[in-house]
Amino acid sequence: MDELINLARIVTDRKLKVLPLLDFTARHSSNKEMQLVQQLVDGQPKSQQQIVKTLYGKADRTRYAAFRKLKSRVQQKLLNHLYFLDETDTRHLVSRRYEYQVLNLYMQVSVLYSEGELKAAESLSRKGQRLAQTHEMTQYVVLFGQLLRGIYADIRMPARYQANKLLLEKSQKTLAIEEEASQLYWDVKGTVAYNVRTRRSILDKMDGVVQKLAEFYKSAGTFITFHYHYRVQLIQQELLGNYQEIIRITGATARLLEQGKINNKRFDKRFNAYMSVYAHFRSRKVENGLRLAELHAKEFHHSSVNWLYYLEIYLLLAIHAGQYGEALELLATARKNVYFDKQQAVAQQRWDLYMVYLQFVRPELSPVRMRNFTTFVQTVPDHSRDKQGYNVAVLILQFLHFLRQRDLENILTRLESLRKYQQRYLRETGNVRSQLFFRLLAIVVKEEFNPTTSRKKGEAVLKKLQASPPPGEAFAEIEIVPYEQLWQITLDILQTTALYNAEQDKKLV
């Protein structure tokens with residue numbers, strides 16, 4: 001009871017800081033702050049000038065000055081609301097709620113300690129330390145241990161001081177191992193995220209990194225050392241293109257989680273599901289991948305950017321399965337998401353490319369009728385200076401579009417672009433599928449767009465294409481529509497063009 005009395009005195013005697021918050025009950029009132037929030041979240045992109053005009057009627061110097069002050073107030077109040085976000089939804093990262101719980105306790109203990117309430121601080125510190133141990137959050141075990149060290153010294157409790165000292169020393173040693181593991185992981189992550197050349201350069205080092213992280217996990221036995229070992233294994237297999245091994249790793253990890261051998265308060269099962277679905281896509285296990293994508297979709301909150309990443313793979317699986325109607329529904333779902341416009345420009349370009357491919361492959365299903373379709377196809381930007389990712393898909397789409405348009409000059413120009421691109425960027429064996437498909441397109445031109453001879457001359461190349469494995473992530477070219485399907489579309493275009501030419505010839509006779 002004494003602790004409660006002392007806590008009450010601290011709160012009532014000291015001046016409390018008022019935390020300014022937004023009044024979300026006033027959404028439809030004349031409250032300028034809430035009007036600004038509504039302008040920001042209604043999903044319609046607006047310039048600053050448009051927002052100022054909407055709020056103040058016109059955009060002059062005086063209104064801009066008022067807007068700057070308004071924006072600053074709203075930003076601070078929105079930051080204050082971060083303290084009250086509900087993290088209990090299982091579709092968010094599960095570890096958040098537990099980490100915030102421990103952080104709140106640490107803040108409370110720190111205040112109590114600074115106010116001289118050592119008894120209350122000691123009790124809450126032990127509670128926080130127990131929670132941190134349960135959640136395998138070693139850094140917080142250390143932080144609470146450091147607080148308790150001072151508390152036990154001040155209140156002269158030598159037995160507890162010594163027990164805490166032993167736990168603190170052990171935890172600090174474990175934390176040092178975790179920090180080494182963390183540095184190794186982020187070194188790999190930073191290298192992989194840079195460009196294709198550095199991805200290839202790190203492949204030779206990956207066995208050593210995986211082995212070192214396995215040793216760290218064996219030594220410390222903590223969740224975080226397991227986590228980094230697990231993640232780097234996935235990165236290595238992704239770079240190699242060994243997607244069957246990724247399916248095995250993610251499946252084995254899901255079973256360990258079910259058996260309680262992995263801390264379910266820390267492990268992100270959504271990421272594991274994403275990697276499993278992604279590996280099914282890249283290993284061409286399309287039907288199983290599509291079923292898994294549908295099954296795990298409910299595990300992702302739609303207010304998360306992770307949902308859009310997941311939806312990309314889901315969409316590509318639907319396209320590869322020939323489920324174009326479902327693919328268009330998924331595309332529409334993505335575009336309606338309030339976070340769609342907040343993605344990086346490169347991500348939005350990918351979605352644009354998916355849309356154009358779908359319209360090209362099945363124009364009769366597409367609700368979109370782009371007046372400037374030809375312009376878009378001709379000017380769609382490269383997706384990386386390092387030529388990774390979707391540039392092959394862009395070049396192929398341009399070629400096929402001009403083939404359908406019977407635009408010989410642009411067909412020949414694009415074929416030359418494909419040839420130069422292949423010589424410069426696709427020499428490695430990991431790009432064999434793109435190389436083979438380029439050969440098929442070259443056959444089309446060499447056979448003067450004859451559907452019968454193009455099909456016959458392309459049979460041997462097509463068989464090689466069907467037998468070739470997907471490339472590893474180190475080589476980074478994605479097939480939006482499988483090359484086998486694109487070859488059939490190419491032959492269909494040639495057949496349609498041949499029939500059209502025959503009809504024209506009859507009219508001339």
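Which side chain does Glu-245 meet in a salt bridge? The side chain of Arg-248 does the job, at 2.8 Å from N to O. What you have here is a predicted model, in which local features need pLDDT of at least 70, side-chain atom pairs count only at pLDDT 80 or more, and totals for chains, interfaces and linings use all residues. Residues are numbered from 1 along each chain as its sequence is written, and side-chain values use heavy atoms, leaving out hydrogens and water.

**Salt bridges**

- The structure holds 14 salt bridges, where a salt bridge is a side-chain nitrogen of Lys or Arg within 4 Å of a carboxyl oxygen of Asp or Glu.
- Back to the opening pair: Glu-245 and Arg-248 both sit in helix H12 (residues 243-258), 3 residues apart, or about one turn of the helix. Helices here are DSSP runs of H or I with at least four residues, strands are E runs of at least two, and both are numbered from the N terminus.
- Arg-248 has a relative accessible area of 45%, so it is partly exposed. The cut-offs behind such labels: buried means under 20% relative accessible area, exposed means over 50%, and partly exposed is in between (1.4 Å probe, protein chains only).
- Asp-352 makes a salt bridge with Arg-335, and their closest N and O atoms are 2.8 Å apart. Asp-352 belongs to helix H17 (residues 345-361) and Arg-335 to helix H16 (residues 324-336), so this pair ties together parts that are 17 residues apart in sequence.
- Both ends of that bridge count as partly exposed: Asp-352 has 23% relative accessibility, and Arg-335 has 33%.
- Some bridges share partners, and in this way Arg-284, Arg-433, Glu-479 and Glu-484 are joined into one network.
- Glu-122 and Arg-160 also meet through their side chains in a salt bridge, at 2.7 Å from N to O. This one links distant parts of the chain, with Glu-122 in helix H6 (residues 118-134), Arg-160 in helix H8 (residues 158-192), and their positions 38 residues apart.
- Glu-122 counts as buried because its relative accessibility is 7%, whereas Arg-160, at 36%, counts as partly exposed.

**Aromatic rings**

- The count comes to 17 aromatic pairs. Rings of Phe, Tyr and Trp (its six-membered ring) pair if their centres lie within 6.5 Å; planes under 30 degrees apart count as stacked, over 60 as edge-to-face, and the rest as tilted.
- One of these pairs is Phe-226 with Tyr-230, which is stacked: 5.7 Å centre to centre, with 10° between the planes.
- Phe-226 and Tyr-230 are 4 residues apart in helix H11 (residues 223-240), so about one helical turn separates them. Both residues are buried.
- A cluster linked by ring pairs takes in Tyr-217, Phe-223, Phe-226, Tyr-230, Phe-267 and Phe-271.

**Charges over rings**

- Arg-231 lies over the face of Phe-271, 3.6 Å from the ring centre. To count, NZ of Lys or CZ of Arg must be within 6 Å of the ring centre and within 35 degrees of the ring normal.
- Arg-404 lies over the face of Phe-360, at 4.1 Å from the ring centre.

**Helix H19**

- H19 (residues 391-404) has 14 residues and reaches 20 Å from its first C-alpha to its last, close to the 20 Å expected at 1.5 Å a residue. That expected span is 1.5 Å times one less than the number of residues.
- With 13 of its 14 residues buried, H19 is largely enclosed by the rest of the structure.
- Just after H19 comes Arg-406, with a positive phi of about 60°.

**Other positive phi angles**

- Arg-156 is not a glycine, yet it has a positive phi of about 55°. Arg-156 lies in the loop between helix H7 (138-155) and H8, and is exposed, with a relative accessible area of 74%.
- Arg-284, named above in the salt-bridge network, is not a glycine either and has a positive phi of about 65°. Arg-284 lies in the loop between helix H13 (269-282) and helix H14 (286-296), and is partly exposed, with a relative accessible area of 35%.

**Helix H22**

- Thr-452 lies in helix H22 (residues 451-467), and counts as exposed at 57% relative accessibility.
- Thr-452 and Leu-494 are 42 residues apart in sequence and 8.9 Å apart in space, C-alpha to C-alpha.
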